[in-house]
Amino acid sequence: QVQLVESGGGLVQAGGSLRLSCADSRSIFSMDNMAWYRQAPGKQRELVASITRGDSTNYADSVKGRFTISRDNAKNTVYLQMSGLKPEDTAVYYCNADRWSTSLNRRYYYWGQGTQVTVSS
C-alpha cells in the first residue's frame with residue numbers, strides 16, 4: 001500500500017520561503033513520476049511541478065523561477081522548495097505519484113492528504 005505524507009506547510013509572509021516534503025511509504029524509485037499539485041478555494045486543482053524518475057522537471061508558468069522540485073531516492077522523499085511566495089500561492093498542496101503496471105497494463109495514481117500553505121500580504 002502506497003502512502004504519501006506531505007509536511008512543511010504553514011503560514012508565511014509574501015516574499016518568504018517554505019519547503020514541502022512528500023514521504024513515500026515505498027520506494028519512490030518505483031514511481032514513474034512524482035508531482036506537486038495545489039488547489040485554492042473555489043478553484044480547480046492544478047499541476048505545480050513534476051519530476052520523472054530520470055529527474056526531468058516541469059513547472060507551471062506561474063511558479064517558474066520561484067519553485068524547485070527535487071527528489072531524494074535514498075530518503076524516498078520528494079521536495080518542493082518555494083521561494084518568493086505570493087498571496088496567490090495560497091492553497092492546499094498535494095503530493096502525487098504515478099506508476100505503470102506492466103502486469104495489469106494500467107497506470108496507478110496516488111495522492112497525499114495535502115498540506116496547507118498560506119501566504120499573507
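**Why do we call it that?**

Q: Why is Tyr94 called buried?
A: Tyr94 has a relative accessible area of 14%. Buried means under 20%, exposed means over 50%, and partly exposed is in between (1.4 Å probe, protein chains only). Since 14% is under 20%, Tyr94 counts as buried.

A quick word on the model helps here. It is a predicted model, in which local features need pLDDT of at least 70 and side-chain atom pairs count only at pLDDT 80 or more, while totals for chains, interfaces and linings use all residues. Residues are numbered from 1 along each chain as its sequence is written, and side-chain values use heavy atoms, with hydrogens and water left out.

Q: What makes Tyr94 and Trp111 an aromatic pair, and of which kind?
A: Rings of Phe, Tyr and Trp (its six-membered ring) pair if their centres lie within 6.5 Å; planes under 30 degrees apart are stacked, over 60 edge-to-face, and the rest tilted. Here the centres are 6.5 Å apart and the planes stand at 85 degrees, so the pair is edge-to-face. Tyr94 is in strand β9 and Trp111 in strand β10, so the pair ties together parts 17 residues apart in sequence. Strands (E, at least two residues) and helices (H or I, at least four) are DSSP runs, numbered from the N terminus. Tyr37 joins Tyr94 and Trp111 in one aromatic cluster.

Q: How do you know that Arg45 lies over the face of Tyr94?
A: A charge sits over a ring if NZ of Lys or CZ of Arg is within 6 Å of the ring centre and within 35 degrees of the ring normal. Arg45 is 3.8 Å from the ring centre of Tyr94, and the charged end of Arg45 also sits over the ring of Trp111, 4.7 Å from its centre. Both distances fit the 6 Å limit.

Q: Why is the link of Cys22 and Cys95 called a disulfide?
A: A disulfide is a covalent bond between the sulfur atoms of two cysteines. The rule used is a pair of cysteine sulfur atoms within 2.5 Å, and the S to S distance of Cys22 and Cys95 is 2.0 Å, so the pair qualifies. Cys22 lies in strand β3 and Cys95 in strand β9, so parts 73 residues apart in sequence are tied together. Cys22 is buried, at 0% relative accessible area, and Cys95 is buried at 0% too.

Q: What makes Arg38 and Asp89 a salt bridge?
A: The rule asks for a side-chain nitrogen of Lys or Arg within 4 Å of a carboxyl oxygen of Asp or Glu. In this pair the N to O distance is 2.9 Å, so the rule is met. Arg38 is in strand β4 and Asp89 in the loop between β8 and β9, 51 residues apart. Arg38 is buried, at 6%, and so is Asp89, at 1%.

Q: How do you know that Asp32 and Arg107 form a salt bridge?
A: Their closest N and O atoms are 3.2 Å apart, so the pair passes the rule for a salt bridge. Asp32, Arg53, Asp98 and Arg107 are linked in a network of salt bridges. Arg107 has 28% relative accessibility and counts as partly exposed.

Q: Is Leu104 buried or exposed, and how do you know?
A: Leu104 has a relative accessible area of 55%, so it is exposed. Leu104 is placed in the loop between β9 and β10.
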